[in-house]
Amino acid sequence: MLISALIAAAGGVRIPQDAGEVLEQVPPRSDPQAQAVRALEARLRAAPNDATVAAMAARTFLALGIREGDPRWTGRAQSALAPWWEAGAPPEEIR
């Protein structure tokens, strides 16, 4: 009942016409962990084929996923390792 009243007060439900439409922008977290993750992601974007950076990012993301119990970090780790995912002989730090 309350939800219906809130939707009616807001003018109804808005359904985006494009799946890529941004509905809301959440401000970035400013805590030290979030800043460190953003810095690491920037290094990874600057050098996506740098095995040392990718391995460090993957280890960091996996540790965060374990600590926070959030499986999304596993996807980020996999993304960091993507250039070597199908490689027959990935660099030592990636193995």
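The largest pocket in this predicted model holds about 240 Å³ of space. Its lining is made up of Pro28, Arg29, Gln33, Ala34, Val37, Arg38, Glu41, Glu68, Asp70, Arg72, Trp73 and Arg76. Sorted by class, that lining comes out as seven charged, four nonpolar and one polar residue. Two helices, H2 (32-46) and H4 (72-80), each chip in with at least two lining residues. H2 is the top contributor to the lining of the largest pocket, giving five residues.

H2 also packs against another helix. Its partner here is H3, which covers residues 51-68. As a rule, a pair of packed helices is described by the angle between the two axes and by how far apart those axes lie. For H2 and H3, the angle is about 150° and the axes sit 10 Å apart. Angles over 145 degrees count as roughly antiparallel, so H2 is roughly antiparallel to H3. The crossing of H2 past H3 is left-handed.

As for who touches whom, the H2 side of the contact consists of Gln33, Val37, Leu40, Glu41, Arg43 and Leu44. Across from them, H3 brings Val53, Ala54, Met56, Ala57, Thr60, Phe61, Leu64, Arg67 and Glu68. Broken down by class, this contact between H2 and H3 has nine nonpolar, four charged and two polar residues. Some residues turn up in both places: Gln33, Val37, Glu41 and Glu68 take part in the contact of H2 with H3 and also line the largest pocket.

Conventions: Residues are numbered from 1 along each chain as its sequence is written. This is a predicted model: local features need pLDDT of at least 70, side-chain atom pairs count only at pLDDT 80 or more; totals for chains, interfaces and linings use all residues. Side-chain values use heavy atoms; hydrogens and water are left out. On a 1 Å grid over the protein atoms alone, a cavity is a set of points where a 1.4 Å probe fits but cannot get out, and a pocket is an open set with protein on both sides within 12 Å along at least five of seven lines; lining residues have an atom within 4 Å of a point. Grid points are joined across faces, edges and corners, and a volume is the space filled by probe spheres set on the points. Helices (H or I, at least four residues) and strands (E, at least two) are DSSP runs, numbered from the N terminus. Ala, Val, Leu, Ile, Met, Phe, Trp, Tyr, Cys and Pro count as nonpolar, Asp, Glu, Lys and Arg as charged, and the others, Gly among them, as polar. Axes are lines fitted to C-alpha atoms, for helices over the stretch in contact, and angles run from 0 to 180 degrees between N-to-C directions. Angles under 35 degrees count as roughly parallel, over 145 as roughly antiparallel, 65 to 115 as roughly perpendicular and the rest as oblique. A crossing is left-handed if the near helix is turned anticlockwise from the far one by less than a right angle, and right-handed if clockwise. Contact means heavy atoms within 4.5 Å.
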